[in-house]
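Here are some notes to read alongside the model. Please keep the sequence and the structure open while going through the points.

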Amino acid sequence: MQRFLCVHGHFYQPPRENPWLESVEIQDSAYPYHDWNERITAECYAPNTASRYLDGEGRITGIISNYARISFNFGPTLLSWMEKYSHDTYQAILAADRQSIDWRSGHGAALAQVYNHIIMPLATRRDKQTQVRWGISDFEHRFQRFPEGMWLAETAVDTETLEVLAEEGISFTILASHQAGRMRKIDGDKWEDVSGSHIDPSRAYLCRLPSGRSITIFFYDGPISQAVAFEKLLNSGEQFATRLMSGFSRNRKHPQLVHIATDGETYGHHHHFGEMALGHALNHIEGHGLARLTNYGEFLEFHPPTHEAEIVENSSWSCIHGIERWRSDCGCNSGGNHGWDQQWRRPLRDALDWLSQHLAVCYEESLALHLKDPWEVRNEYISVMLDRSEGNVAAFLLRHSLHPLDEDATLAVLCLLEMQRHALLMYTSCGWFFDELSGLETVQIIQYAARAIQLAERYCLRTIETEFLERLTLAGSNITEHGNGAEIYVKFVKPAMIDLIKVGAHYAVSSVFEEYGDETDIFSYRAFREDFMILRTGQMSLTVGRIFIRSSITHKADRISFCTLYFGGHALNCGVRSFLGDEAYQSMKEEVVTAFNEADFATIIRLMDTHFGMHNYSLKALFRDEQRHILQLIIAGTLQEFEDKFTSLYENSRSLMGFLRDTGMPVPHRFMTTAETALNLQLKKLFTSEEVDIDRLKEVITEITGWDVAVDKVALEFIIRRRLEAAMAELLENPENAEQLGELLLLTEAIASLPIDVNLWQAQNIYWALLHSRDSEFWVNRKVADKNGTFWFESLRRLGELLYFNVNTQLEVKGNI
C-alpha cells in the first residue's frame, strides 16, 4: 500500500500598507519590530526557511527548509512586502520552490493565491477573473513558472469561481472536507452523499463544470488540520508525526494521500517553535520510511482522479454558515467580546458593493475614449504593479491605448486603474472577519475605499463620497464613542488621507532636520528640489523652498512652495501651498528672510498667514515613521540628561546599598529602581557601542545578578541579538581571523550568562553557513596553519556549543578531529 503525505501552509497577512504611501507605517503593537509583517516574518516566515534537526539533547544536527518539503502558498501582497523588506527570506522561499521541483518529479511546492484574498463567491465574475489573473501573473513573476494550483481565500468557493480557475489553466485547488457535497466513481451512475465531511480525503477528485471544463479538488483532512491549529499538536514533533500517520487506513486499497491545510502562521507565530515541530515530524516520517513526502502536483501526475465530486456551493473553511461571515451577523467571530454583534457586516458590504458599481461605470465611461478594452487593461495592469519603471509604464500604455496619450490622458488612465486596484483591495476578506467595525482590518479596507473615491473624484460626475457615507451610517459600531461607519470614516480615515500638498508639508517640515539632495523619494512620491535655503540663529531656523512633487504611481504632480520656522524643541510652524509663480514666491522669500535676519519672528508668522492662508502645518504633519525619527532626535538630549542622572545616582549610592544589604536592612525601593534603570542603560550602551567592552559587560552582569534587578528583556534582547548577528556575519566574511573568532567567543559567552533568552536563530544560521561554505581544503589548511593545531577548531567548537549545536558531529565531519 502506497502512502503519501502532504502538509499545506497558507501563508498570508492582510495588506497593511497605507493606501496613499504604499508602505507599512510603524506599528507600536508589534514592538520591538517595526510592524506586524516584520514581526511575523521573524517568528514564522524566516524560521521555516531554516528548520532545525535536533538530537536527543536538543542540539542542532542539521538545518533545512520546511518550505521545500511541504506545499505552500503566499499572499501576493505579502510577498511584495517581503521582497523589499525581508529579501533573504523572500529569496529562500523562491529557492525552496526550485528545490522542491528537483525533489518532486518536476512539481513545485508553491501554489498561487487569488490576489488580495477576497471572498470569491461574493465577487462579480469580472472581479473573479482579475483576482485570478493577477494571482497567476504575480506568481509567474516571482516563481518563474505557471502555477499548477491556486489557493482560494478562506477556501470560499462556488461553481463560477471554479469555472474561472479552470478557464485560466489552473489544474487544482484545495478545499475543506465539509465543502464536498456528493461523489461517485468517474463515469459511474450512482452519486453518494458525502456532505458533513464524509468524503474520503485520501484521493484527488475531478470536478466537472457546466462549461465542459473540469478541475481537480483535494479535500484536506479536517480533524488533523483542526488539531494542528487548535489542539496544541505542535507541542511535540513526534506527537505531530503520530497524528499525521493516523490519517492512513489499512482498509483503503488505493494509493493514499494524507494531507492537511492550516494557516502557515501556525508554524512559529501562533505556536512558538511550531516550525521545529513541523520539521521534526517530517524528518521522523521520512527518515523511518513511514510515508513518502509529496506535493499536490506530483501526486496528481502519478495518481490522477478515479472519482469525481461536486462542491457545496458558497462554502468556506472558516464559517459553518458558508460565506455569511463576510456579509452578515451569522454568529461567527473571533470571540472574547461578549455582548457585541456583527450587524455592521451587511451594511458595510452593501456600501462597498454600491461604491464598486459606481466606480465601474466611471472607469468604463472615462476610459472608453482612450483604451481598447478597459477591463482587459485592468486584468493586465498587474504588469505595471510589478514594475512601475517609466519605460514599462509607457510600453503598457502604448500597447493598450487607442491613440497616443497626452499628459492629461496618461494621468486619467493611471488614476482610474489605481482606482480599480483599490476598489478590489477594499474587498480584502479580513475587513469582515473580526468583531468590530472600528478594528484595524476593517478601517484598512475603508481606507482603500476612500483612496478609490479620491482617485475617482476628478473623473466622476457625481459626489460619490457623500452618498457612500450615507450608506456607512447604517453600519453601527459596538463601541459607543465610535458611533457608526460614517463617524469612523471621519475619525480614522479622513485624517489619513494624503494629497500632494501634504507630501509637500512632510518635505518642508522634515527639511529642517534632514539634509535632502536634489531628488528625494518620499514613500511613493518623488520630490525634485528647485530652490532651497536655510538660515539659523541659535536654536531657531528658517527654511524656504520650492519643490516639484510627482506620484510614482499615478504620475500626478504639482509644484509647491513652502516656508518653515522652527523655534527649537517641538515648536514649529510651516506654510505650504501650490506654487503661484516666481513673482509671488520671490516676494514671500524676501519678506520672511528679511524678518528672520531682524529676529522679527512675529512678523514671519503673520507673513506665513498672508502667503499660505490656512495651509499651516506642524510636526504632526510628518508621516509616522519620519515623525518618530525626528521626535527621537528632539528628545535625545533630554533623555541623555535623565540617563546621566540615573547612572550618577547609582554610582554614588552603590556602596551605601551594599552596606545596607550587608546589615540585613531592606534596600529602599527607590535605590533599587535607580539601580535597575542604570544597569539596563549600561547594558544598552555596551551593546550599541562600536566595540563591546567584555570586561565591563561581565561586571554589569555580575551587578545585575547580585542586585537581582529586572532587565528590559524585550528591548535588550533585540539589541543584543542584532549585535551578535553582526559579529557572526563579520566572522563569516573572514573566517581565518582567529583574533576575531576569539572576540566573538568571549562575546557569546558573556551573552550566555545574561538573564535574557536571546533568539539565536540567525546566529545559528550563520554558524551553519560557516561550516558549509568552505571546502575541505580550507579546513585542512586551517588546522595546519594553526600554531598549536587546535586553537582555531577548539574556539569554533566552543562557539558551536554556545549556539546549541551538536559540534562533535559537525566538526568531526568538517575537520576530521
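1. Which residue follows α8, and is its phi positive or negative? Gly289 follows α8, and its phi is positive, near 65°. Helices here are DSSP runs of H or I of at least four residues, strands are runs of E of at least two, and both are numbered from the N terminus.

2. On the source: this is a predicted model, in which local features need pLDDT of at least 70 and side-chain atom pairs count only at pLDDT 80 or more, while totals for chains, interfaces and linings use all residues. Residues are numbered from 1 along each chain as its sequence is written, and side-chain values use heavy atoms, with hydrogens and water left out.

3. Helix α8 covers residues 274-287, which is 14 residues. From first C-alpha to last it reaches 19 Å, close to the 20 Å expected at 1.5 Å a residue; the expected span is 1.5 Å times one less than the number of residues. The buried residues of α8 are Gly274, Glu275, Ala277, Leu278, Gly279, Ala281, Leu282, Asn283 and Ile285. Buried means under 20% relative accessible area, exposed means over 50%, and partly exposed lies in between, with a 1.4 Å probe and protein chains only. These buried residues pack against β1 (3-11), α1 (36-45), β2 (51-54), α7 (237-245) and β13 (292-293), where contact means heavy atoms within 4.5 Å.

4. Helix α29 (residues 791-802) can be checked in a similar way. Its 12 residues should span 16 Å at 1.5 Å a residue, and the end C-alpha atoms are 17 Å apart, which agrees. Buried in α29 are Trp792, Phe793, Ser795, Leu796, Arg797, Leu799, Gly800 and Leu802. An α-helix has 3.6 residues a turn, so residues three or four places apart point the same way. Just after α29, Tyr804 has a positive phi of about 70°.

5. One open sheet is mixed in its pairing and has 6 strands, in the order β7-β11-β10-β14-β8-β9. Its edge strands, each paired on one side only, are β7 (172-176) and β9 (192-193). Two strands count as paired if DSSP finds at least two bridges between them.

6. Strand β14 is worth tracing within that sheet. Of its 5 residues, 4 are buried, so β14 is largely enclosed by the rest of the structure. β14 (residues 307-311) pairs with β8 (residues 180-185) in the antiparallel sense, over 5 bridges. In this pairing Lys185 stands opposite His307, and Ala180 stands opposite Ile311. β14 also runs parallel to β10 (residues 205-208), to which 2 bridges join it; here Leu206 is opposite Glu308.

7. A second open sheet has 6 strands with antiparallel pairing, in the order β15-β16-β17-β18-β19-β20. Its edges are β15 (519-522) and β20 (616-617), each pairing on one side only. β19 (residues 571-578) pairs with β20 over 2 bridges in the antiparallel sense, and Gly575 stands opposite Asn616.

8. The structure holds 3 cavities of 30 Å³ or more, and the largest cavity has about 60 Å³ of space. A cavity is a set of points on a 1 Å grid over the protein atoms alone where a 1.4 Å probe fits but cannot get out, and lining residues have an atom within 4 Å of a point. Grid points are joined across faces, edges and corners, and the volume is the space filled by probe spheres set on the points.

9. What lines the largest cavity? The lining is Phe74, Pro76, Leu79, Leu111, Ala112, Gln113, Gly135, Asp138, Phe139, Arg142 and Phe143. α2 (76-85), β5 (110-113) and α4 (125-143) each supply at least two of these residues, and α4 gives the largest share, with 5. By class, 7 lining residues are nonpolar, 2 polar and 2 charged; Ala, Val, Leu, Ile, Met, Phe, Trp, Tyr, Cys and Pro count as nonpolar, Asp, Glu, Lys and Arg as charged, and the others, Gly among them, as polar.

10. Two single residues complete the note. Ser100 sits in helix α3 (residues 87-103) and is buried, at a relative accessible area of 0%. Leaving aside residues up to four places away in sequence, Ser100 touches Ala68, His107, Gly108 and Ala109. Ala729 lies in helix α25 (residues 713-733) and counts as partly exposed, at 33% relative accessibility. The C-alpha atoms of Ala729 and Ala769 are separated by 10.0 Å, with their positions 40 residues apart along the chain.

Methods:
1 Å grid on protein atoms, 1.4 Å probe; cavity = no way out; pocket = protein on both sides within 12 Å on 5 of 7 lines; lining within 4 Å.
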